[in-house]
Amino acid sequence: MRVLVTGATGFVGPYLVQALIDEGYEVVGLGRRARVENTGIVYRQVRNLPTTGGGWAEIMDALRPQAIVHLAAQSNVVMSWRRPANTLRDNIITSAALLEAVRDHGDVTTLIMVGSSEEYGPQGREPITEDARLDPQNPYALSKAAMGTLTAQLLGQTSVRWYHVRPFNHFGPGQRPGFVIPDLCRQIVAVESGRAPYVSIGNTSAVRDFLPVQDVVRAYTSLLGTGAPSGSYNVASGQGTSIAVLMNTLLELAAVRVEVREDPSRIRPSDVPVFIGSPEKLRCATGWTARIPASEALLETLDWWRHRKSGGHAL
């Protein structure tokens, strides 16, 4: 099967591309960067994704995918407040155009639309299941919720197998700053090298459902490979971990003693105390479960930032 991965050069893209290749898929990719980490795929650089069905149809005619994983998106919550129109264009308009092309083109049999756990917003029960009422609290979350609704509406009456996945917090080497774990890792490395006196942190009491990125991409490939029923699926561990616990684990891994200071500017006004997803629907459909220990993934991420500081990697 030939799989098109949009956003192939983003954070999750290279992990997904490699996982697909390891499982025997033929992979083609789209991305905004000129550099692609895996030269074993057919890759096309695009400045902007198409905003019309015809534009997507041209890409599909050229690349001939049988399945698509749509990763490409504006995924930063803070940026979605600063540039809401750009976020809605990048996440809704381009996705609606892709769905139109998939519906009308006829060659694509499977589509994975990557949404977000942010779609749920504050909930009164944990863990959160897929039938919970959506309550997006920011433009990014709103755009992802709209993508899921459009997918069901436009592909629900077709033969295309579709999945709207809602991954909970995930992390790993290559994730850019603006998310809690890379922010902590970058600051710890700065303290280790003497470039900063301390680490700043926001709300450490918040409990979130964290997953290593490798587990997340395995969830996506499990949906492609098992023929699960169409629908929305959480990608979650079902376990909550506080920011304080993650921070303390990273501090224990630091090469020097690290001072931590609270920074009120890093606290998001809409933070909810506990946010955990239920993995049961995905587990029942595909057999997927989270496997990688968080401590192992945190060390790998911290080491990546150490290596990047020395010039070995670049975002």
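The following paragraphs describe three helices, the enclosed and open spaces, and several individual residues of a predicted model.

A convenient place to begin is helix α4. This helix covers residues 84-105, which makes 22 residues in total. From its first C-alpha to its last, α4 reaches 30 Å, close to the 32 Å expected at 1.5 Å a residue. The helix also carries a bend of about 25°, located at Asp-90. Asp-90 is itself buried, and so are Thr-87, Asn-91, Ile-92, Thr-94, Ser-95, Ala-97, Leu-98, Leu-99, Ala-101 and Val-102 of α4. Helices and strands both take part in covering these buried residues: the cover includes the helices α2 (53-63), α3 (77-82) and α5 (139-155), together with the strands β4 (67-70) and β5 (110-114). Just after the helix, Gly-106 adopts a positive phi of about 95°.

Helix α6 comes next along the chain among the helices treated here, at residues 180-192. Its 13 residues reach 18 Å between the first and last C-alpha, close to the expected 18 Å at 1.5 Å a residue. Ten of those 13 residues are buried, so α6 is largely enclosed by the rest of the structure. The buried set consists of Ile-181, Pro-182, Asp-183, Leu-184, Cys-185, Gln-187, Ile-188, Val-189, Ala-190 and Val-191. Just after α6, Gly-194 has a positive phi of about 80°.

Helix α7 is built from the 14 residues 213-226. At 1.5 Å a residue these should span 20 Å, and the end C-alpha atoms are indeed 20 Å apart, so the expectation and the model agree. The helix is mostly covered, with eleven of its 14 residues buried. In the first part of α7, Val-213 is buried, as are Asp-215, Val-216, Val-217 and Arg-218; the others are Ala-219, Tyr-220, Thr-221, Ser-222, Leu-223 and Leu-224. Just after this helix, Gly-227 takes a positive phi of about 65°.

Tyr-220 offers a closer look at the surroundings of α7, the helix in which it is placed. Its relative accessibility is 1%, and Tyr-220 therefore counts as buried, the limit being 20%. Beyond residues up to four places away in sequence, Tyr-220 touches Val-12, Leu-16, Leu-71, Ile-112, Val-114, Val-165, Pro-167 and Val-235. As a point of reference for distances across the model, the C-alpha atom of Tyr-220 is separated by 29 Å from that of Arg-83, 137 residues away along the chain.

Attention now turns to the spaces inside the structure. A search of the whole structure finds one cavity of 30 Å³ or more, and the volume of this largest cavity is about 30 Å³. Its lining is made up of Ala-8, Thr-9, Pro-14, Arg-33, Arg-35, Val-36 and Glu-37. By class, three of the lining residues are nonpolar, one is polar and three are charged.

Thr-9, one of the residues lining this cavity, lies in the loop between β1 (2-6) and α1 (13-22). With a relative accessible area of 10%, Thr-9 is buried. Leaving aside neighbours within four places in sequence, the contacts of Thr-9 are Pro-14, Gly-31, Arg-32, Arg-33, Arg-35, Val-36 and Tyr-43.

Pro-14 also belongs to the lining of the second largest pocket, which has twelve lining residues. Those nearest the centre of this pocket are Pro-14, Tyr-15, Val-17, Gln-18 and Ala-19. The pocket has a volume of about 210 Å³, and its lining divides into seven nonpolar, two polar and three charged residues.

Two details of backbone geometry complete the description. Most residues other than glycine have a negative phi, and most peptide bonds are trans. Arg-64, although not a glycine, has a positive phi of about 55°. This residue is found in the loop between α2 and β4, where Arg-64 is partly exposed, with a relative accessible area of 45%. The other detail is a cis peptide bond between Glu-126 and Pro-127, with omega of about -5°. Pro-127 lies in the loop between β5 and α5.

Notes. Residues are numbered from 1 along each chain as its sequence is written. This is a predicted model: local features need pLDDT of at least 70, side-chain atom pairs count only at pLDDT 80 or more; totals for chains, interfaces and linings use all residues. Side-chain values use heavy atoms; hydrogens and water are left out. Helices (H or I, at least four residues) and strands (E, at least two) are DSSP runs, numbered from the N terminus. The expected span of a helix is 1.5 Å times one less than its number of residues. Buried means under 20% relative accessible area, exposed over 50%, partly exposed in between (1.4 Å probe, protein chains only). The bend at a residue is the angle between axes fitted to the seven residues ending there and the seven starting there. Contact means heavy atoms within 4.5 Å. On a 1 Å grid over the protein atoms alone, a cavity is a set of points where a 1.4 Å probe fits but cannot get out, and a pocket is an open set with protein on both sides within 12 Å along at least five of seven lines; lining residues have an atom within 4 Å of a point. Grid points are joined across faces, edges and corners, and a volume is the space filled by probe spheres set on the points. Ala, Val, Leu, Ile, Met, Phe, Trp, Tyr, Cys and Pro count as nonpolar, Asp, Glu, Lys and Arg as charged, and the others, Gly among them, as polar.
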